[in-house]
Amino acid sequence: MKRTILIFLLFISFKTLYAQEVITVSGVVRDGGNQPMPGTTISEKGTSNKVVSANNGSYQIKVKSNATLVFSYLGSKPVEQLVKNKTTIDVKLVDDENNLNEVVVVGYGTQKRSDLTGAISSVKGTELAKSPVQNVASALVGRVAGLQVAADDGSPGGSPSITLRGGGSITQSNEPLYVIDGVPQTDGINFLDPGDVESIDVLKDASATAIYGARGANGVILVTTKQLKPGKLTIGYDMYYGAKKANKFIPVLNPYDFNVLVYERFLNSPALLAGVENTFGKFSDYHSLYDNRAGINWQDEMFGDWVNTQYHKFSIAGGQGETRFNLFYSNNNDQGIIQPGGSIKNVAKLNILHNINKKIKLAAIVNYSDQKTTGSSTRSGTDRLNTLISFFQYRPTSGIGLSDEDFANLDSDPTVDVNQIPLQNPKTNAESILQESLNRTLNINTSIDYTFADHFTYRGLVSGRISGTKDKLFYDTRNILAKRSGGAFGSLTQTDINGWNYSNTVSYDNTFNKNHKVSVLVGQEQLYTSREAFSASNSRFPGVNLGLDNISLGTTPGIPTSLSEAESMLSFFSRVSYSYKDKYLFNATVRADGSSKFGDNNKWGYFPSAAFAWRAINEPFLKDIKYLSDAKVRLSYGTSGNNRIPNYLMLSQLATGNYPLNNTNNITVYPNNIENKDLKWETTKSFNVGLDLGFFKQRIALTIEAYDNRTKDLLLNTQIPYTSGFASQFLNIGATSNKGLELTLNTVNVKTSNFLWNSTLTMSVNKNKVLALSNGEDFRLSNSWATQTDYLVQVGSALGQMYGYRSNGVYQVNDFNYNPTNNTYTLKPGIPVDVNYAAQPGFLKLVDLNGDGVINPSDRTVIGNGIPNFIGGFNNTFSYKGFDLSVFINWATGGDVYNANRLQMSTNVSANVNTLAYFKDRWTTIDGNGNALTTPMVLAEANKGKTIPKFDGYGTTPRLFDQMVENGSFLRINNISLGYTLPKTWISKVKLSNVRVYLTGYNLQVFDNYSGYDPEVSTNKTGGLTPGVDFGGYPRSRYFVAGLNVSL
Amino acid sequence: MKTKLKYHIASLFKCLAVVVLLSNLTACKKTLTEEPKSVFDADQFFTTADEANLATLGVYESMSNGNTLGFYSSILYENDNDIAQVRDILTTDFRGIAHYVITAEAVYMQSTWQTYYDGINRANLVIEKIPQMGIYTDGSQRKILNRYLGEAKFLRGFYYAELVRLFGGVPLKLTPTHSNDELRIPKNTTAEVYNQIIKDMTEAIDLLPDGKTADERISKMGVKGMLARVALFAGGYALQQNGQMERPANYKDFYAIAQKQTKDIMDANVYSLNPSFEQFFRNQCQLKIDPFESMFEVAFYNITGGTANSGVIGQWNAPLSAAISTYGRTNSYVKTTPLFRNMYSSGDLRKDVSVATYQINATGQFLEYAAAADNNFSPGKWRREYQALPPKDLNNTDINYVVLRYADVLLMRAEAENELNEGPNAATYDAINQVRKRAFSADIFGKQIINIKLGAQGSGFTTVPTVSITGGGGTGATATATISAVTNPTTGAVTAGAVVGIKVTNFGVNYTSAPTITITGGGGTGATATAEIVDTQIPTGLNKADFFTALKNERALELCFEGLRKYDLMRWNILGSSLRATEAALKAYRANYPYIAGTNFKDGKSELYPIPQRERDYNNKLIQNPGY
């Protein structure tokens, strides 16, 4: 802070005043509807002299008698007027449909779109606000070419991960850098109110991102929150209220089919079959008992109801002249479709701007946000104990002697031995787990802009962040896990992330001889982030307890843990832009970053970039082509980095553990990592070619980008032999490439005085490839639910490869020799033997790919890829008089989903467990009377054409094979929103300035071929390495909301 | 215009200069220096004896988990053998490991390999750092530091001994890993690994102080005992890369090491047998270190019953128990066989401690297995009833793994003497009979004792008859009968029954021939019984081979289920043949007896586990073991 003031004082000393002949000009600014326009900036061209129009649109400015005045207002077409000694100049500003004049936020500044040399896409906040979602990232789906938004699943409060242009890192995060109002964020943007976004600008190529140096390689997302506009005091109320419900159920076996399955499972164990008959009745009675029995649909029980979602925002904004402000409070309450559970988010924000004089502007933003997410995750529990799996597997009927209603109220299945595989009523499970996560974040940003000399502006920015998350998890005595571990248990975890950031920039803008436009920026930035965590747990709470609100009631406390770490970064950067006659645009940036995380031998990284653009439209030879309104070619090349690694890797760390001598805890110390003093940034070299074309006065605007990104010196958490004492080591090794094409097309299809129809189409394809790895070695890894490795990273292929077996139907009767004396089937010689089971007719037949006669893990191959390669969005907005309608669809193709739910449920060996409906058509071993089919002939006859293995025909351990990998391509009707703005004549009588009502349907329909809930799913994210896994993913819902915007 | 531009540029550079000046280089350097807060920086560590102690305990920690001596290495990998197996004849998951259906991808061995090498790296750090410490080089704290150094060397040797037993020749890594180390190192031979282990352990003996330890830390005598064990393995058979089971030509040199070390331990008279075999296991189950016999244990204890520092001893290898019984759940995956139970002579007190013939149901009742279900007999040494109740966790226990107890030292002595002297000598008999003597209870010990077998059951017994024992040259034997009479609880009327069992309550002393048994009184008639004489000691005058057979059986009877059997058979080069013989015997006992290890075992392959596939993926210098 001291430094900021010092620099500030220094700059004051540079201040120089030029005495010139001046006159006073005044006038009124009006809009297309002849209404006065407050807040318009009126500036003297080529100087920093400017004023802002008052409430009635009037202004007064002192300028040189030969000056040019520029009237500009965001979203309007700027107007230039020569003063020529006139003292009164009235102007009319009309809405600007020409996106070339759009102001684009770039790193540490803004530029006009027509001046851009890099690849930058922009989205307006008004579009994002149409999705009734809690976080900004979810609303970005399909809006930006090249931006992939991957939601884990449909859980409330969930925040999706974003990848731009494929992502170059293998083991480290590919999340872009988020910058909110100039402040880089270390931990996402979840704390923002999506309704508070003015615009989002996505920096995609190195010419744009290199200014962010070591953090720019994954792209930069610049969020600008609602800007302060001068004007009269405005009080606003925005709300929506709606209902949502799951949009899909996955069919399971009905009571009758379930009983047949149970019977078939136990047919070979006469002793146990008696128990089955006691519970479910005799096979011969199944039809009469179950044919007309609805049973219990657990999915319907768990999430079959409509739940509410609502949003309210109160805002007050105003201020004319020197001081402006904006204050709002918003509340978003989004219930989860599985109760209890949901997410409540509160945001309060104060934004103040004060112009000390024409040259100095102060601004401050205070943003407080809290979000409380409750409810147990459907992803909790592994394997057969997973919560979502229990929705499918918990049996649909009580059998005989107990009504289904009574069974639905039991805490657990009375027929299943807790000793073996306990099954809990999903409702009891949901109710007996108290899970709550409360995040509170306070951001304070202050900035000063000082135009200390003509053409020179200094900007100082200081921001601080205090953020804390408290996680509570408690299993009460009813919960099966509590029962299995001797009583209720729980844990409390508090994580605090605090930090500050400050930056100083000086920019210089000038135009020489009308043709030479020069702009220079130099700056410095410093960042500090600290992280602290504390966790306590207790278990064996007595039956009567207060949960985690009195953790002392537990009788067996765990060892409390804590963690503290900090990182810092220091950077210098500069950008130089030059354009000649608005035809030839040059742009160069360089940044030097020093980071605490990196090795003493590589503390500093340097990231240069250069770009050139040719605005051919300004060439004389194109002047005659009337329909062409823009033609620009852009070329850029540069480097940026990725520094997403844990702290302290350059040091040889000793972690602590425990060795319980004499039944007491004794602290131990042991090596935790292999130190790497040479560790440095991951570097991405990116080449981008862009083409901007505009037709018919920008009624059609087309942007095409092609890029080639190569990432080297990957920060690879390399797998190493265990003989080293470690599993992995961070090295700068390996390389990847991403090549792709992006298209953005904006069109104004119809434009009459009353009717307007606009479209935006975004499409992108990306091709990812691993170019090199440590020692050229492939590596296999497992997503966390499976013990087997099921993903493969290899040189020459894309990331995200699913690795498993190919299947070839089921073993047929004639694959076996039959021995009638003991009724056994033995595989014929020459038929490959599966090491996992002694195959029987009807068992899943995997392909012996290497032809060695044995089906074992060496027969695995690549059977899918979880990353879609073609994504896009198509938005249409219509307006007619006061009505507005928008229809937005998005899609992704080329990615696969690893249906781990289905795979987990394929092993069907547990007692009294239900399964998916497709099992009805399985290979059967019984006839219609429940008698075993023994002879080869009847067995073969009964199973002609069957492709689904018999009840135990998948073996006892799930193995990934091709049928469990499904096409994840989809097209989603993301939202349709219809609004009506009440005529001013009506509302002015009740002193309102604006009233809009609307109806929105969100996630209305998904067109896909996926058998699970939603193909847009990724429940196991180990970096980008295991995408597309669907294990226990929370079902998504369809929303219908009605909303209201009022301001007075 | 030009001057103005110059001015602009000049001021620009001024600004830049100021910025750079403000963030001058020393400030930068300080800003960007890392100082870890929640972990120690190894470069700053190893200054005090306490710090060396913590790092030494870190080496111990590597064996206190399920990957190593809480589960896989101590329980799972010992199966299947000739006296025990893992239940169910499935070949998936851990059952496949036990039943010799094993692939290199199996995660079990991978975890074990990883965890032992982690421990070795921890030991390497301590072994490298302690001699560099100021308080070591100046001699001021050398004594205590030498102890830590000795412990680290012992543990490194011990971990390699575990690895070489499981995987054969493995890479020897003897320095802590640093960033530029060559991590892809080839295998050493079995002999090279054993030589290193013997070197480490021998050095440890010199470094460690005399006397017992008060906790699970290794003592000097403990290392000597472990060295004896390692020497027997080094001198025993092991599967070589050529697919042959071979032992070194100078194998007797290794037996001589075992002989010397065991003799030293016995002469030192620091350890002895617990007078009660059962009490030893009760102590173990009650989380007490046995005051007499325990020579080296791995500490297990988790305050909440969580997985860290926990094992499955007393859960995996105990009689089956229902989760909701007061005893808590046991999985009871390890099963022994009725044939092994029958190896115990009558009167051998180890029989009913070692083998449990019952399960515990949900109401806490003990239910004996029917004859047709006797394949469910389980190890009884760590039964739930011996343990502190209720269990903290359904899956995990705090019971220590006893790596070495004095009884093993006695049996190793006997084995080494027999081998080196080409037959048993007095020391051999003395050692093995110390174990036998305790097995038949010290206070009734005689050379021979009696056993009583019921003949005709008779009838008409309403009260328990008297069993009298006469003749046979001895005295003191007593026995009681049990009858099948039933008393009506309401009327008190007694329905007469037969004699259904006779239990010897005192085996007496000095019997030289079978005494006469008479059953009198109780209102009934016709019940008869005969007595027989049981040898409690190993017969004298055996030749080398016969003594070896006796020793082989004695090791099973004494040390069953303690993590040694399979490896004993392996070093004697009879693992495959024993498994096949066991399978044949069990099938003869009952045709559908579930036991498949004999069929699955492949000589020249199954003696070793495969090198974990992951390890070979990242180290192409590692050659796979034969047959995989």
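**Exercise 1. Burial and overall build of chain B**

Work out what share of the residues in chain B is buried, and describe the chain around them.

*Solution.* Start with burial: in this predicted model, buried residues make up 59% of the 628 residues of chain B. Next, look at the secondary structure, where you will find 20 helices and 19 strands. For the extent of the chain, take the C-alpha trace along its principal axes, which gives about 135 × 65 × 50 Å. Then turn to contacts in chain B between residues at least 6 apart in sequence: 72% of them join residues at least 24 apart. Finally, consider the domains. Domain 1 of chain B takes in 53-209, 574-578 and 587-628, while domain 2 covers 448-535. Their C-alpha centres are 53 Å apart.

**Exercise 2. A helix with a buried side**

Find the buried residues of helix H10 of chain B and say where they sit around the helix axis.

*Solution.* First, pin down the helix: H10(B) runs over residues 251-268, 18 residues in total. From its first C-alpha to its last it reaches 26 Å, close to the 26 Å expected at 1.5 Å a residue.

Second, list the residues of H10(B) that fall under the 20% cut-off for relative accessible area. The buried ones are Tyr251(B), Phe254(B), Tyr255(B), Ala258(B), Gln261(B), Thr262(B), Ile265(B) and Met266(B). Because they cover an arc of only 135 degrees around the axis, they lie on the same side of H10(B).

Third, ask what covers them. The cover includes the helices H8 (190-207), H9 (220-234), H14 (406-420), H15 (426-439) and H17 (565-571) of chain B, along with strand E5 (294-298) of that chain.

Last, step past the end of the helix: Asn269(B) follows H10(B) and has a positive phi, near 60 degrees.

**Exercise 3. A sheet built from two chains**

Determine the strand order of the open sheet that contains E1(B), and identify its edges.

*Solution.* Begin with the order, which is E32(A)-E31(A)-E1(B), with antiparallel pairing among the 3 strands. Now pick out the edges: strand E32 (667-671) of chain A and strand E1 (40-41) of chain B each have a single partner strand, so one side of each is left without a neighbour in the sheet.

Next, zoom in on one pairing. Strand E31 (residues 653-658) of chain A is joined to E32(A) by 5 bridges. In one of the bridges, Ala655(A) has Tyr670(A) of E32(A) as its partner.

To finish, look for what lies across these strands. Helix H3 (residues 49-61) of chain B lies across E31 and E32 of chain A, and runs at about 80 degrees to E32(A).

**Exercise 4. A four-stranded sheet in chain A**

Trace the open sheet that includes strand E39 of chain A from edge to edge.

*Solution.* The order is E39-E40-E41-E48 in chain A, and the pairing is antiparallel. At the edges are strand E39 (779-781) and strand E48 (861-865), each of which pairs on one side only. From one strand to the next, the twist averages 40 degrees. For the pairing of E39(A) with strand E40 (residues 791-793), count 3 bridges; Arg780(A) has Leu792(A) in E40(A) as its bridge partner.

**Exercise 5. Is Thr718(A) buried or exposed?**

Classify Thr718(A) by its accessibility and name its contacts.

*Solution.* Thr718(A) belongs to strand E35 (residues 715-719) of chain A. With a relative accessible area of 4%, Thr718(A) is buried. Setting aside neighbours within four places in sequence, the contacts of Thr718(A) are Ala727(A), Ser728(A), Gln729(A), Leu731(A), Ile733(A) and Ser774(A).

**Exercise 6. Backbone exceptions**

Locate a cis peptide bond in each chain, then check the phi of Phe696(A) and Asp88(B).

*Solution.* A reminder first: most residues other than glycine have a negative phi, and most peptide bonds are trans.

- In chain A, the bond from Gln339(A) to Pro340(A) is cis, with omega near -5 degrees. Pro340(A) sits in the loop between strands E19 (323-335) and E20 (342-355).
- In chain B, Asn79(B) and Asp80(B) are joined by a cis bond with omega about -10 degrees. Asp80(B) is in the loop between H3 and strand E2 (84-86).
- Phe696(A) has a positive phi, near 50 degrees, and lies in the loop between strands E33 (682-695) and E34 (700-712) of chain A. At 48% relative accessibility, Phe696(A) is partly exposed.
- Asp88(B) has a positive phi of about 75 degrees, and its loop runs between E2 and helix H4 (93-98) of chain B. Its relative accessible area of 30% makes Asp88(B) partly exposed.

Definitions and conventions. Residues numbered from 1 in each chain as written. Chains lettered and ligands numbered in written order. Predicted model: local features only at pLDDT ≥ 70, side-chain atom pairs only at ≥ 80, totals over all residues. Heavy atoms only, no water. Pairing = 2+ DSSP bridges. Axes fitted to C-alpha atoms, helices over the stretch in contact; angles between N-to-C directions. Domains from an automatic or database assignment. Buried < 20%, exposed > 50% of the residue type's maximum accessible area, 1.4 Å probe, protein only. Contact = heavy atoms within 4.5 Å. Expected span 1.5 Å × (residues − 1). Arc of directions from axis to C-beta.
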